[in-house]
Amino acid sequence: MSAALETLAEGGKPLPTPRSAYLDIVSVGKVFGTFTALKDVSLTINEGEFVSFVGPSGCGKTTLLRAIAGLDPATTGVIRQGAREITGLPPAERDFGIVFQSYALFPNMSVAENVGYGLRGPAWPRARMTARVDELIRLVGLAEHAHKYPAQLSGGQQQRVALARALAPEPGLLLLDEPLSALDAIVRLHLRQEIRALQRRLGVTTIMVTHDQEEAMGVSDRLVVMSRGRVEQVGTPEEVYRRPASAFVAGFVGRSSAFDAVVEAAPGMIVAAGHHLPADAARGLLYGTELRVFVRPEDVRLGPAAAGLPGALQMEVVHLEFLGAACRITLEAPRLRLEADASPDLVQALGAVPGVMLLVGVPSERLMVFKADV
């Protein structure tokens, strides 16, 4: 990635200028027979960004990745990489490296041979190729395994080989298609941190498709949330999590409780199953508007912490789930159900076991409110 130009902010501290656009996707559509997989998708990805496509199965995220790669060319629209339009180019003429879920390593080639497989032609004389292979193998921490074959490596090591092979030709764009889904949880966590650190070090623009929301939020500069072939929201992980653009995003990204409500006559008040709750996001909505409301479990206050909140109500603990660093408590009042996350110490202090009644409240600014689908 080119070094960012810097300007001086107030106080004399240098600030980098915004990164330039690297990949432009304009009104892209993809049709398979009578099935429309992508509908008018537009997106700009900046140089050096790490962007993740997330969404439920069948939402179009993998189709979009494959359209960018040219593996399933777009039916309509335009894709530009840098200053070049690549919409109709075959994969071999596009500037990208790709890592698949299955790794797709050559079983009869060593680690070094796999990594160097794509380094052919006059641009890669033997000395340069050998140096590049050695550099990448060291970079992914496999120097002592260079002469081993894929069958002699663990799943995490094979994934490192696949990543090194994708990066070897120095591509301008790295595409990751569910790269960690075949690994166990501990290895996934470690390897996703390694991938992000490597991406930052190399500055390569990266797009990842994943079903794992925590993985996407942990490594990405921005998320692209998709549903039914369309982009629902693009934003930083915090923006998408805290300020979802639609009821779909609020329900899909992260954990939340959801319930129906109606706007009351008093400004900023809603009623849900007979319970009156203040909701800042409902201000300005017309009286009687039907709503879908979402609450994050970490935003639910319990016991003394709920005592000063308007709209606090008594709810019964109906289930308790121990998750290690936190406990998830399921709470019910007549026709209303919430989940709350609390530390094990707080759960013990409150005596929050099934059958116990607790005072429960939600800060008015933490209720995420959307007009109900008509």
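How do the residues lining the second largest pocket divide into nonpolar, polar and charged? Here are a few points on this predicted model that may help as you look it over.

1. To take that opening question first, the lining of the second largest pocket comprises 6 nonpolar, 3 polar and 3 charged residues. Its volume comes to about 210 Å³.

2. Two helices are worth displaying around this second pocket: H2 (111-115) and H3 (126-139) each contribute at least two lining residues. H3 gives the most, with 4 residues. Among the residues of the lining you will find Met 109, Glu 113, Tyr 117, Arg 120, Asp 134 and His 147.

3. Turning to the largest pocket, the space there is about 490 Å³. Its lining counts 17 residues, and those nearest the centre are Phe 96, Gly 97, Gly 118, Arg 165 and Pro 169.

4. The lining of the largest pocket splits into 11 nonpolar, 2 polar and 4 charged residues. Strand E8 (97-99) and helix H4 (155-167) supply at least two of these residues each.

5. Lys 61 deserves a look of its own. This residue belongs to helix H1, which covers residues 61-69. Lys 61 is buried but forms no salt bridge. Glu 178 has the nearest side chain of opposite charge, at 5.2 Å, whereas a salt bridge calls for a nitrogen-to-oxygen distance within 4 Å.

6. Which residues does Lys 61 touch, once neighbours within four places in sequence are left aside? The contacts are Phe 53, Val 54, Gly 55, Pro 56, Glu 178, Val 209, Thr 210, His 211 and Met 226.

Key
Residues are numbered from 1 along each chain as its sequence is written. This is a predicted model: local features need pLDDT of at least 70, side-chain atom pairs count only at pLDDT 80 or more; totals for chains, interfaces and linings use all residues. Side-chain values use heavy atoms; hydrogens and water are left out. Buried means under 20% relative accessible area, exposed over 50%, partly exposed in between (1.4 Å probe, protein chains only). Lys and Arg count as positive and Asp and Glu as negative; His and the chain ends are not counted. Contact means heavy atoms within 4.5 Å. On a 1 Å grid over the protein atoms alone, a cavity is a set of points where a 1.4 Å probe fits but cannot get out, and a pocket is an open set with protein on both sides within 12 Å along at least five of seven lines; lining residues have an atom within 4 Å of a point. Grid points are joined across faces, edges and corners, and a volume is the space filled by probe spheres set on the points. Ala, Val, Leu, Ile, Met, Phe, Trp, Tyr, Cys and Pro count as nonpolar, Asp, Glu, Lys and Arg as charged, and the others, Gly among them, as polar.
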